[in-house]
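Here is a protein model to look at. The questions below ask how each description of it is reached.

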Amino acid sequence: MEEQLLSLSKITRSFGAIHALKEVSFGVMPGEVMGLVGENGAGKSSLVKIIGGFDSGYTGQLTFANKQVRFSGPVMAERAGIAIAQQELSLIPTMSVAENVLLVGDNVPKIATKRQLIKLVEPFLSEVGLDYIDPATSVERLSVGERHLVEVARLIAHDPQLLILDEPTAALGETDSIRILEMVERLVKRGKSVIYVSHRLDEIFKICDRITILRDGRSVAVKNTKGLSVSELVNSMLGRELENMFPKRISTSSKTPLLKVRDLWPDGLLDPVDLDIFPGEILGLAGQLGSGTGEILSAIAGAHPIRGGSLEMDGNVFMPKTPNEAIKAKIAYCSEDRKHDGLFLGRPIIENLTSTALKRIGNFGILQPSAENGLANDIAKGFTIDNSRLPSEAGVLSGGNQQKVALGKWLAISPKVILVNEPTRGVDVGARAEIYQTLHKLAKKGTAIVIASTDLQEIANLPTRIIAFYRGLKVSELGYREVSAENILTQITDPFGAAKLER
Amino acid sequence: MSPISEPINQLPKPSILEKLIQRHSKLAITLLAIFIVVFVYGMVTAPNFLTLFNFKTIIRDAALVGIMAIGLTFVTLSGNFFLLSMKETAALCIIAFATGMASGWGFELSFLFTMVFALIAGISQGALIGIGGNPIVVTLGAAGVLYGLGAYWSDNLVVSYRRPHGAEWLGTGSFLGLPNITVAFILIAISAELLLRKTSFGRQVYLIGANRAAGRATGHENFWMAIKVCTIASVCSAFVAIAFSAQVSSAQVNYFSSEFGSSGDMTIMVIATVMVGGNSIMGGFGSTLRSSLGAVFISTVDNMMVLHGFNSGPRVFAVGLMIVFSIIVFAILRRGSRSEE
């Protein structure tokens, strides 16, 4: 049997009474892509932190390259040949790509001209598939996906033996994600090992040789990807049968639209859009990053600048100029970035849940604690949020629970229309299913729900009908009968057969 | 492979200190602990420190700075940093009040007259900050305008009015043995805390301060918030100006610049008080109660140093030290309590 590059045995990590990891075993072979999956809070991040040297307060054995080691800091791990690409980027936006890639490291010349630097970074850039960009471009002019690749290029510059990618595609659209995957394949061909942490099971299946499954801080199984089925994997992640991730599709909706969007022209779109949104349906806006779907949702909610347009609901024609005006019209909007504008992380969960409806829990401006508790408990129940955690800060919750709070706070205004951009970004499988169920339940009660998503699985399985967008243009509308992941992918990546035309 | 060493499965037990840090009210505990240490030290070493009279002096000295700090706390909690025009607002207002009194308008009319200036100062600064102006820059500019107006109006001269006058009750009167200004401080502290904790307005202050973007998304615009909190801060400044003028039966535009407090500069003292109380500079976390305690704390240390015969240099130094110290202590403690997510 071949020697493992990295092996962890009986790793335990506790914070007070909480066990983040319990006797976890984990190993990576040279030249292997090892997937690391598990629900939020299963211990993936804790494990990654230990391997990367960010956390040395564990018990158990860590062996890397045949040596038993205990990294006292990330620099030690880096010297040993371990590199981690974090979810949060650490690039300096105003500096050039070349400068960012060669920011730190032993093999970086102390003094160099721009031209020398560019020559030095070229091999690393082509390694990650960025050979088409000019290394002198400043990082702020790149797309989010390209920035992630630059980050990886910087790590590769140190020639690591093991590369850890922690949710590298969580914020990326389909094409950028594919680039990341191609890069992983290239690295592995050169004998490097990769640990790939992701919620996106399709990617995990596409590139991983083996998959380690964490559950409640334990490593429950290591499986070969070959011959493994998705439901098998999901079941061992959850420790229970997940009957259906997606609820039964709503196929009928009312004939009269609830909200008519007319000539809405958000900044960033090529043409004005008309939309009819029906009560009781889930409308899906499909498109990649940059397709304009998110802009449409935020424009309807008064949170994005527009060139013109109007909304019509219950006979009133209006156009919200601020989110506040949209809220008064019972239009709720959840952006794709819950940490930016979806949550008050430092405030208690209960205050988050009632933040949209202070009038409802107050009497002449005086807050009524009983009304607030009642409202928060109702929402918590509807969204399966643990009641006993309501007084604690929203920031302590896992990504899935945070998303539930970010969405749940809108129930306080009894919305007629709910607009959600990326309803399950960075959310684990269990919380995902719960969010889908809740959206489904709300639609059944007559709420109109519009989601914009770059997640193909989600957009193909949840909505009643789908409108596809491509680079700021509405390209087609699909009823649920015509929906398939392949069909949608064609519509959002190459609707006009442009790939052929250009030649 | 043979087992060379058994993995050590013993986990470190949380120490008493760790448990204490995990407690919810640890910030208040810390502030209290420092206070007690200083108190005990002062009691042991300073003559006449532990007398009822001296205690009253401490609270009375804390009152003026404390009231202004309570007003400023609203601004800080709402995420709009600081107003650098606190003392200039007070300077213009004290001239306005004394002019009214000297013209024989009586207390009530002079009070209202002064408050008009406070409202104009608060609303205009708040509106500028609300539309996106940097609070530091806006209020630095406003400071110049307000002070300049006051100086021009009074010709840089002392405006005095003769006793007996209608404002004496506020300046030198007392109630149940406490100076009325102390009573006002306590009442303002209590009502500010109630306003923050029990009303929709108070909740909005915390929410917008914790995350302005999320505040906007949930229908709470910082524009109106900035106007409200700046007005509260200005009104508190004006009230302090009136109370001080009532004490000395006069006014001069530089009363809050040099002849005041241990550091000689009212704005710096007020900001120090908010900081020493442990309020988050970024907003969303803290309370007016913290600022009130901060005022009493600074006043206690100052009082003790006076009794020890220190002159103003070392006392200013001590205030500076307290700011640095409190920022460090609170930063460490909060890092322990907040999640890193």
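**Helix H6 and the parts around it**

Q: Which elements of chain A do the buried residues of H6(A) pack against?
A: The model is a predicted one. In it, the buried residues of H6(A) pack against three strands and two helices of chain A: strand S3 (33-37), strand S7 (162-166), strand S8 (193-197), helix H5 (144-156) and helix H7 (201-207).

Q: What makes a residue of H6(A) count as buried, and which residues are they?
A: A residue is buried if 20 or more other C-beta atoms lie within 10 Å of its own. In H6(A), A:Asp176, A:Ser177, A:Ile180, A:Met183, A:Val184 and A:Leu187 are buried.

Q: Why are these residues said to be on the same side of H6(A)?
A: They cover an arc of only 115° around the axis, so they sit on the same side of H6(A).

Q: Which exposed residues does the face of H6(A) turned away from its buried side carry?
A: That face carries A:Glu185 and A:Lys189. Exposed here stands for 12 or fewer C-beta atoms within 10 Å.

Q: How do you know that the length of H6(A) agrees with its number of residues?
A: Helix H6 of chain A has 16 residues, 174-189. The expected span is 1.5 Å times one less than the number of residues, which for this helix gives 22 Å. The end C-alpha atoms are 23 Å apart, so the two values agree.

Q: What is the sign of phi at A:Gly191, which follows H6(A)?
A: The phi of A:Gly191 is positive, near 90°.

**Chain A as a whole**

Q: How many helices and strands are there in chain A?
A: Chain A has 18 helices and 22 strands.

Q: Why is chain A called as compact as a globular protein of that length?
A: The globule rule gives 23 Å for 503 residues, and the radius of gyration of chain A is 24 Å. The value is close to the rule, so the description holds. The C-alpha trace of chain A spans about 70 × 60 × 45 Å along its principal axes, and 47% of the 503 residues count as buried.

Q: Among contacts in chain A between residues at least 6 apart in sequence, what share joins residues at least 24 apart?
A: The share is 69%.

**Two domains in chain A**

Q: Where does the domain assignment place the domains of chain A?
A: According to the assignment, domain 1 covers 6-238, while domain 2 is made of 259-340 + 416-501. Their centres, taken over C-alpha atoms, are separated by 32 Å.

Q: How do you know that domain 1 and domain 2 of chain A are in contact?
A: Two residues are in contact if their C-beta atoms lie within 7 Å. By that test, 12 residues of domain 1 of chain A are in contact with 11 residues of domain 2 of chain A. On the domain 1 side, H6 and helix H8 (230-238) of chain A each give two or more residues. The largest share, 3 residues, comes from H8(A). By class, this side has 4 nonpolar, 4 polar and 4 charged residues.

**Chain B and its contact with chain A**

Q: How many residues does each chain give to the contact between chain A and chain B?
A: Chain A gives 33 residues and chain B gives 27. On the chain B side, helix H9 (200-210) and helix H10 (212-217) each supply at least two residues. H9(B) has the largest share, 7 residues. The chain B side divides into 12 nonpolar, 9 polar and 6 charged residues.

Technical notes. Residues are numbered from 1 along each chain as its sequence is written. Chains are lettered from A and ligands numbered from 1 in the order in which they are written. This is a predicted model: local features need pLDDT of at least 70, side-chain atom pairs count only at pLDDT 80 or more; totals for chains, interfaces and linings use all residues. Helices (H or I, at least four residues) and strands (E, at least two) are DSSP runs, numbered from the N terminus. The arc is that of the directions from the helix axis to the C-beta atoms. The radius of gyration is taken over C-alpha atoms; the globule rule is 2.2 Å times the number of residues to the power 0.38. Ala, Val, Leu, Ile, Met, Phe, Trp, Tyr, Cys and Pro count as nonpolar, Asp, Glu, Lys and Arg as charged, and the others, Gly among them, as polar. Domain bounds come from an automatic or database domain assignment.
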